[in-house]
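Me: I'd like to go through this one with you, strands and salt bridges included. Could you take my questions as they come?

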Amino acid sequence: MIRGLARWLPQSLFGRLVLVLAGGLLVAQLLSAGINLVERDRLLDTASGMQQAQRIADAVRLLDSVGTAERARIAAVLNVPPLVLSLHPSASEAGPGGTPHALMFAALLRASVGAGREVRVTATGVPPGGSPGPGPGMRHRMGGGPGMAGPGGFASGPVVRTEVQLRDGTWARFDAQPRPGVTPLPWRLALVLAILLAAVLVLSYFAVRWVTRPLHVLAEAADALGRDIHRPPLPVDGPTEIRRAAQAFNGMQQRLVRFIEDRTRIFTAMSHDLKTPITRMRLRADLLEDEPLRQRFEADLKEMETMVTQTLEFMRGLGTGEVRQAVDVNALLDSLQSDNEAMGREVRIEGEAAAPYPARVSLLRRCLANLVDNAVLYGERAVVRVEDSSASLVLRVQDDGPGIPEAEREKVFEPFYRLEPSRSRATGGTGLGLAVARNVARMHGGELTLHNRPERGLEAVLVLPRD
């Protein structure tokens, strides 16, 4: 289930931070609005109950202060909506009580009318055809005039009945409907919450963008470092954590540059120094009188010299500081085709590049030459298919050879790795061709992969991005 939900989450850190902030803020706003509404209702209930209790207490004191003949007239005057006042010789039958509203109101009323007076507060309902609850005696209530909700002046729903015993034993009955417990959210409060939410979301957007932008810059720098180890260092500015990350990245780049330069110098020196003893051994081999033995010595020396020469070219080429320039890929392929045809090889070009490609000329030529050499040496002929678009330049070098087992397709990119017996030293290869080609492709931000063709042969796909 968690994995299923993860698929719907934003993939970027920026999107996830914005989602978390927006979701948390929205939940906090809803909870805050709910708490405010509950607290408002509680305060309104308390204020309304205190006001009504005080009104009933004043009415009871006034009724106690006059005689029986005057009570009917005073009761009619005090019968003001939403309170229905009636006088009865006895209390009504006990109804359902104990509700939180009734208990709270009873406590307020006892505090208002004073101790020693009988008080009853019950919850009842409006009878379908008349006033709230039957009862003998005089009744002074609102009539069914315009705007009334029903008989007795009440809409359908609960009614709180309050009964207070006067000093002469008469019961004053007050019927009233409580204020609705659930009230809608005021539009002004909703508008304020919406404006606050929008403002915080806008600020969160810019704050998260400001925080995550250094990570984006660092990712771009790391990606560019793989293509150009000599790229400019990152600027050391911003917050403390960002400055420390930039300093660590620049230090790592400097250490990598020193490591690669030291390795290049060591291998170059070793390869160069090996040429002298190889030359001496070649001269001494020429003095051998045994022809078969001399030929074996010359073959071994030629193989060693080839390995040394290609290793030198490999180390010097990848360490060059050559800048990129617009390369006419069509002219470069035509030149490679002419050179191979001069050696009696079959090379065919299909398609053409729509525009020049920005590349390091010598490295791109070496990459394509190595791929064509492999195709001719191990597949008898080479076909170069050119596919160009606004996004990338794709070069497919195909041959008719035996192909490469799937388990070996990545291993052949390792330096000095050879497949046996189809690709051996007998062909003159040293195992550096594909390694050089892939390194050149990645230096240009591209990739080189190998695929077996369905019919027969191997296809090397060189993808060079145009952005």
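What follows is a run of questions and replies on a sheet, its helices and some charged pairs.

Me: Before we start, what kind of model is this, and how many salt bridges does the structure hold?
Reply: It's a predicted model, so take everything here as computed from it. Going through the charged side chains, the number of salt bridges in the structure comes to 21.

Me: In the open five-strand sheet, which strands sit at the edges?
Reply: The strand order reads β7-β9-β10-β12-β11, with mixed pairing. An edge strand pairs on one side only, and that picks out β7 and β11.

Me: And how much does that sheet twist on average from one strand to the next?
Reply: We're still on the open sheet of five strands. Going from one strand to the next, the average twist is 20°.

Me: Do β7 and β9 run parallel or antiparallel, and which residue is the bridge partner of E350?
Reply: β7 covers residues 347-350 and β9 covers 382-388, and four bridges hold them together in a parallel arrangement. E350 has its bridge partner in β9, and that residue is R385.

Me: How do β9 and β10 pair, and which residue stands opposite V386?
Reply: These two are joined by a hairpin of three residues. Their pairing is antiparallel, over six bridges. Within it, E387 faces V394 of β10, while the residue opposite V386 is L395.

Me: Which strands does α9 lie across, and at what angle does it run to β10?
Reply: α9 takes in residues 361-379 and lies across β7, β9, β10, β11 and β12. Its angle to β10 is about 25°.

Me: What about α10: how many of its residues are buried, and at what angle does it run to β11?
Reply: α10, residues 433-443, is mostly covered, with eight of 11 residues buried. Among them are L434, V436, V440 and M443. The helix lies across β11 and β12, and its angle to β11 is about 130°.

Me: Which residue just after α10 takes a positive phi?
Reply: Look right past the end of that helix. The phi there is about 80°, and the residue is G445.

Me: Why can R61 and D58 reach each other along α2, and how far apart are their closest N and O atoms?
Reply: They're three residues apart in α2 (residues 13-64), so about one helical turn separates them. Residues three or four places apart in an α-helix point the same way, because a turn takes 3.6 residues. Both are partly exposed, R61 at 41% and D58 at 40%. The salt bridge puts their closest N and O atoms 3.2 Å apart.

Me: Is the R173 and E163 pair buried or exposed?
Reply: Their side chains meet in a salt bridge at 3.2 Å, N to O. The pair links distant parts of the chain, R173 in β5 (171-176) and E163 in β4 (158-165), 10 residues apart. With the buried cut-off at under 20%, R173 at 2% and E163 at 2% both come out as buried.

Me: R453 forms a salt bridge with D400, so which residues belong to the network around them?
Reply: The closest N and O atoms of R453 and D400 are 3.3 Å apart. R453 sits in the loop between β11 and β12, D400 in the loop between β10 and α10, 53 residues apart. R453 is buried at 17%, whereas D400 is partly exposed at 21%. Through shared partners, the network is R381, D400, R453 and E455.

Terms used:
Residues are numbered from 1 along each chain as its sequence is written. This is a predicted model: local features need pLDDT of at least 70, side-chain atom pairs count only at pLDDT 80 or more; totals for chains, interfaces and linings use all residues. Side-chain values use heavy atoms; hydrogens and water are left out. Two strands pair if DSSP finds at least two bridges between them. Buried means under 20% relative accessible area, exposed over 50%, partly exposed in between (1.4 Å probe, protein chains only). A salt bridge is a side-chain nitrogen of Lys or Arg within 4 Å of a carboxyl oxygen of Asp or Glu. Axes are lines fitted to C-alpha atoms, for helices over the stretch in contact, and angles run from 0 to 180 degrees between N-to-C directions. Contact means heavy atoms within 4.5 Å.
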